[in-house]
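Student: I would like to go through this model with you and ask, for each term, what justifies using it.
Tutor: Gladly; let us look at it together.

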Amino acid sequence: MSQMRLVIVGAGGRMGRALIKAVSEAPDLVLAGAIEPPGSENLGRDAGELAGLPGLGVEVTDDALPVFARAEGVIDFTVPAASVAFAALAAQARIVHVIGTTGCSPEDDAKIEAAARHAAIVKSGNMSLGVNLLAALVQRTARTLNEDFDIEIVEMHHNRKIDAPSGTALLLGNAAAEGRGIELGTQGVFARHGHTGARRAGDIGFATLRGGTVVGEHNVIFAGPGERIELGHKAEDRMIFARGALTAARWARGRKPGLYSMRDVLDLTDF
Ligand SMILES: NC(=O)C1=CN([C@@H]2O[C@H](COP(=O)(O)OP(=O)(O)OC[C@H]3O[C@@H](n4cnc5c(N)ncnc54)[C@H](OP(=O)(O)O)[C@@H]3O)[C@@H](O)[C@H]2O)C=CC1
Ligand SMILES: O=C(O)C1=N[C@H](C(=O)O)C[C@H](O)C1
């Protein structure tokens, strides 16, 4: 099979640079374009040099559509408004779209779902094998433990992160809710302050920490009467997300249009 031609959008970001490196290390993939927003200081630079590598002969541009037209997939770790716009363009070009962007609103997700009628989209709040395995374990644990076990999710990230709770915390919260047969929308508690009253049985609580250069840490606590189970994950290097995103792109190549998750890619749905 020929090399898969991939475009990296948000090429100058923390994840964009990791993705350029990951593509350059993969013999079955080739960088077909690198996109940054209008006004970015990175426009016109070589994508390889942007990622601290030798030149790759790919110039960073803000003109996505002609680049998408010559590619088979786009990898997108940007911001919600950009991911919604790129989903429409990728659908128009009928190419694979891998979305790692977090903080999407229900309205953003509805637009991405509409785009998935025309192209294969893989979207996940975390592209790592470890977190997706953790989500399956959390779902299974929540299915076994009843409401005597309070579920709390604690996450910590670097001080540049702009959304909370993290996409991963929400992914894990949804896995716990699914295991327990409840809705996160009605039973998620995202902040506590002041005289909150006692904890409501069955709720799923979230706590968000921000500081330093932490890549990403998540802990799911099942606190029961006299015992506590903790399931967690520590990301040490952004390359785990980048390599996961490339695995998703390969998996989605030639697949029929639809909205897929990383648990589909990793075959972790039937746990
Ligand atoms: N699912 C997963 O496994 C992971 C998800 N993430 C998520 O990925 C996202 C990005 O994270 P991170 O790399 O740390 O963030 P950064 O802020 O470092 O990078 C975002 C990049 O997107 C660019 N961008 C913004 N708007 C556009 C646009 N319209 N067109 C092209 N590029 C655009 C930014 O450019 P500029 O700075 O010029 O605005 C920037 O280069 C976040 O939502 C984060 O939560 C992160 C890691 C793993
Ligand atoms: O912004 C980040 O850095 C990360 N974002 C994702 C999230 O919101 O969960 C994934 C990872 O934890 C890093």
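Student: What makes the pair formed by Gly 167 and ligand 2 a polar contact?
Tutor: A backbone N or O atom of Gly 167 lies 2.8 Å from an oxygen atom of ligand 2, and a polar contact is a pair of N or O atoms within 3.5 Å (within protein, one must be able to donate a hydrogen and the other to accept it, and residues adjacent in sequence count only if both atoms are side-chain atoms), so the pair qualifies. Oxygen atoms of ligand 2 also lie 2.6 Å from an N or O atom in the side chain of His 157 and 2.5 Å from a polar side-chain atom of Thr 168. Taken alone, ligand 2 exposes 320 Å², of which the protein buries 85%, with accessible areas from the Shrake-Rupley method and a 1.4 Å probe (for residues, only the protein chains shown count as cover).

Student: How far should these values be trusted, and how are the residues numbered?
Tutor: This is a predicted model, in which local features need pLDDT of at least 70 and side-chain atom pairs count only at pLDDT 80 or more, while totals for chains, interfaces and linings use all residues. Residues are numbered from 1 along each chain as its sequence is written, chains are lettered from A and ligands numbered from 1 in the order in which they are written, and side-chain values use heavy atoms, with hydrogens and water left out.

Student: Which polar contacts does ligand 1 make with the backbone?
Tutor: A nitrogen atom of ligand 1 is 3.0 Å from a polar backbone atom of Ser 124, a nitrogen atom is 3.2 Å from one of Gly 125, and an oxygen atom is 2.8 Å from one of Met 127. The protein covers 75% of the 930 Å² of accessible area that ligand 1 has on its own.

Student: Why is helix H9 called mostly covered?
Tutor: Buried means under 20% relative accessible area (exposed is over 50%, partly exposed in between, with a 1.4 Å probe and protein chains only), and 10 of the 14 residues of H9 are buried, among them Phe 241 and Trp 251. Phe 241 is also one of the residues around ligand 2, where being near means having a heavy atom within 4 Å.

Student: How do you know that the length of H9 is close to expectation?
Tutor: The expected span is 1.5 Å times one less than the number of residues; for the 14 residues of H9 (239-252) that gives 20 Å, and the helix reaches 20 Å from its first C-alpha to its last, so the two agree closely.

Definitions and conventions. Helix = DSSP H or I, 4+ residues; strand = E, 2+ residues; numbered from the N terminus.
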